[in-house]
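Open the model in your viewer and keep the selection panel at hand. The stops below go from the whole chain down to single residues.

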Amino acid sequence: MSQYTALNYDIDPIFHAANKPKAKIGIVLANLGTPDAPTTPALRRYLAEFLADPRVIEVPRVIWMLILHGIILRVRPKKSAALYKSVWTSEGSPLLAISKQQQVAIQEQLGNGFSVKLGMRYGNPSIHSALRELQLEGVRKIIVLPLYPQYAGPTTGSTFDAVAMELKTWRWVPELHFINNYCDEPLYVEALANSVREHIEQNGLPQKIIFSYHGMPKRYLTSGDPYFCLCQKTTRLVQERLGLDKNTCLTSFQSRFGREEWLKPYTDETLENLPKDGIKDIAIISPAFSADCLETLEELAVENRHAFIAAGGEKYAYIPALNDRADHIHALVELLKSKV
């Protein structure tokens, strides 16, 4: 008897699927992540993982670890927990709840030939767990879609790092397609424009529409990160789609952290200065976020509203993220189909 006769190559549920139906195409929808609870310990765990990522904070490791563990993780978790508690829902964090809705909607539209998983860069469910689920299903082709329309190293780049780190442990690496940017996809632009158009139809055209994107240190831009340019492009494409005068739309950057210079203009300073120039009626939208989260529901919708009104503003409207809108889901599904 041949030494190979006794081997059955079709029994391994992970790697040998010859006797199974045609393997599905795996989809990993990736987003930033969320703490497990709006508590100080949960925020400490989450921030320790998030802020330790060298893509997020580009400071020499030894110095940064001393600052992170010696100062930031002793102070910031309690403050952040209070903010998260203000937006927490019965289903958990808004980001996670909305991401699950997106996952379900995309799975329904793609059908049985696909297996759609959700993976967060930090926290749970993780990118590691999403990929392992697909591995156990015998998936041989995976499309990774980071839900960041504009590429940035700290978000999209870091997602790729996490995927690569996991796949380094696999004996049989699947075919992989990584979508790193979709801000100029026509259906995405149309969905954004639709959300703004609906607001205008219901509330009238404000004096200014502020497109507020998550910020990053300016030196990331000067080092070659395209994020700033992609944000400007997004604003321009939506403005053109709506047929608005370019002076009606303004791009700014929010959520800065630390003392160094970040991308400008800053959203908070912009909102505080607009009333001085007679701009007292504005609407604000944050196209960098595919789902509402702390930075939109608390920072934009609450904190910055108060700042604008205190500075003399009169009308302030937050236009929600695209979330699980039908046109947004359609845009994402068509994007994924185009990569099959």
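Start with the cartoon view of this predicted model: the chain has 11 helices and 8 strands. Its radius of gyration is 22 Å, close to the 20 Å that the globule rule gives for 340 residues, so the chain is as compact as a globular protein of that length. Turn the C-alpha trace along its principal axes, where the spans are about 90 × 50 × 40 Å.

Next, select the whole chain and show its surface. About 16300 Å² is accessible, and carbon and sulfur atoms account for 54% of that. Of the 340 residues, 51% are buried.

Now display contacts between residues at least 6 apart in sequence. Of these, 76% join residues that lie at least 24 apart.

Then colour the charged residues. There are 38 positive and 37 negative charges, and the mean positions of the two sets are 5 Å apart.

Last, select the cysteines. How many disulfides does the structure hold? It holds 0. Go to cysteine 231 and find the closest cysteine sulfur, which belongs to cysteine 183. The two sulfurs are 7.9 Å apart, too far for a bond, because a disulfide needs them within 2.5 Å. Cysteine 231 has 0% relative accessibility, so this residue counts as buried.

Move on to cysteine 293, which is in no disulfide either. Its nearest cysteine sulfur is that of cysteine 231, 14 Å away. With 6% relative accessibility, cysteine 293 also counts as buried, since the cut-off is under 20%.

Methods
Residues numbered from 1 in each chain as written. Predicted model: local features only at pLDDT ≥ 70, side-chain atom pairs only at ≥ 80, totals over all residues. Heavy atoms only, no water. Helix = DSSP H or I, 4+ residues; strand = E, 2+ residues; numbered from the N terminus. Rg over C-alpha atoms; globule rule 2.2 N^0.38 Å. Buried < 20%, exposed > 50% of the residue type's maximum accessible area, 1.4 Å probe, protein only. Contact = heavy atoms within 4.5 Å. Areas by Shrake-Rupley, 256 points an atom, 1.4 Å probe, with all protein chains shown as cover. Lys, Arg positive; Asp, Glu negative; His and termini not counted. Charge placed at Lys NZ, Arg CZ, Asp CG, Glu CD.
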